[in-house]
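Me: I should be grateful for a close look at a single part of this model, with an account of how that part sits among its surroundings.

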Amino acid sequence: MPLHRCPIARPGQRIGLLGGSFDPAHEGHVHITREALKRFRLDRVWWLVSPGNPLKKDGPAPLEERMQAARALMRHPRVDVTDIEARLGSRYTAHSLRALKRLYPGVAFTWLMGADNLVQFDRWQEWRWILANVPIGVLARPGERLPARNSRTARIAREARVRDAESHGLGGLAAPAWCFVDMPMRDISSSEIRARGEWRSSEDRPTTKLA
């Protein structure tokens with residue numbers, strides 16, 4: 001399976017990281033990416049298209065197909081769609097962040113996620129390490145505002161929360177620091193797209209038998 005080259009970043013740049021299976025990528029991902037660039041004043045955003053999500057039992061479509069679909073959808077001069085987690089051999093966010101901080105010294109990374117992920121963030125491997133070492137930008141999703149704000153992570157890290165009005169400075173802060181940005185969101189998900197049959201990988205498509 002061909003793998004794409006790692007993106008380039010200079011010391012001092014503020015890079016947002018949006019991880020996920022992107023199975024498939026959709027307009028909701030595009031929307032929060034554009035909002036993150038603006039709200040957190042990031043220089044760039046990297047999509048980390050993961051080999052697989054450890055919290056999901058069923059595996060996603062092949063990585064190369066998800067990469068192609070994501071690159072076709074996310075067209076922005078300051079956004080890179082990457083398979084860097086596959087190159088690193090990482091399936092967990094903490095492992096990926098450690099490697100990125102080592103490979104890109106001086107780059108200020110900010111982890112980006114939807115509010116639904118904040119609800120289950122305390123189930124992630126080494127979630128306390130992530131919180132203590134990388135600023136986190138949380139972008140609201142429909143129906144997830146109240147559960148996210150009342151989540152275990154939000155309660156534990158309440159002293160490290162950055163006000164929405166100061167969100168533009170998040171990428172330059174030392175961790176722990178996190179910001180919840182309340183904004184209108186597009187109510188769409190990858191699971192809904194798959195359920196409607198609008199995304200089928202090559203492994204799911206019927207093959208034509210030759211006589």
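Please take helix H4: what covers the buried residues of H4?

Reply: In this predicted model, the cover over the buried residues of H4 includes strands S1, S2 and S4 together with helix H3 and helix H6 (127-133). The residues concerned are Thr93, Ala94, Ser96, Leu97, Ala99 and Leu100, which are buried in H4. The helix itself spans residues 93-103 and lies across S1, S2 and S4, with its direction at about 155° to that of S4.

The three strands beneath H4 belong to an open sheet of seven strands, paired in parallel and ordered S3-S2-S1-S4-S5-S7-S6. S3 and strand S6 (161-162) form the edges of this sheet; each has a single partner strand, so one side of each is left without a neighbour in the sheet. Helix H1 (residues 27-39) also packs on the sheet, where it touches S1, S2, S3, strand S4 (108-114), strand S5 (136-139) and strand S7 (178-181). The direction of H1 makes about 145° with that of S2.

The pairing among the strands under H4 can be followed residue by residue. Strand S1 (residues 14-20) is joined to S2 by six bridges in the parallel sense. Within that pairing, Gly16 has Val45 of S2 as its bridge partner, and Gly20 stands opposite Val49 of S2. Towards S4, S1 runs parallel and is joined by five bridges; here Leu17 has Trp111 of S4 as its bridge partner. S1, H1 and S2 also make up a right-handed β-α-β unit.

Thr33 offers a view of the packing from within H1. Its relative accessibility is 1%, and therefore Thr33 counts as buried, the cut-off being under 20%. Leaving aside neighbours within four places in sequence, Thr33 is in contact with Leu18, Val45, Trp47, Met74 and Val79. Val45 thus appears twice in this account, as a contact of Thr33 and as the bridge partner of Gly16.

Strand S2 and helix H3 are also part of the surroundings of another helix, H2. Helix H2 covers residues 63-73, and its buried residues are Leu63, Glu64, Glu65, Arg66, Met67 and Ala70. Their cover includes strand S2 (44-49), strand S3 (79-82) and helix H3 (84-88). S2 and H3 are thus named in the cover of H2 as well as in that of H4.

A further buried position lies in a loop. Ser151 is placed between helix H7 (145-149) and helix H8 (152-156), and its relative accessible area of 5% makes it buried. A polar atom of the Ser151 side chain lies 2.8 Å from the backbone oxygen of Ala148. Not counting residues up to four places away in sequence, Ser151 touches Leu118 and Val119.

For the chain as a whole, there are nine helices and seven strands, and buried residues account for 47% of the 211 residues. Of the contacts between residues at least 6 apart in sequence, 78% join residues at least 24 apart. The accessible surface comes to about 11,100 Å², and carbon and sulfur atoms hold 48% of it.

Key:
Residues numbered from 1 in each chain as written. Predicted model: local features only at pLDDT ≥ 70, side-chain atom pairs only at ≥ 80, totals over all residues. Heavy atoms only, no water. Helix = DSSP H or I, 4+ residues; strand = E, 2+ residues; numbered from the N terminus. Buried < 20%, exposed > 50% of the residue type's maximum accessible area, 1.4 Å probe, protein only. Contact = heavy atoms within 4.5 Å. Areas by Shrake-Rupley, 256 points an atom, 1.4 Å probe, with all protein chains shown as cover. Polar contact = N/O pair within 3.5 Å; in protein donor to acceptor, adjacent residues only side chain to side chain. Pairing = 2+ DSSP bridges. Axes fitted to C-alpha atoms, helices over the stretch in contact; angles between N-to-C directions. Right-handed = clockwise from strand over helix to strand, strands pointing away.
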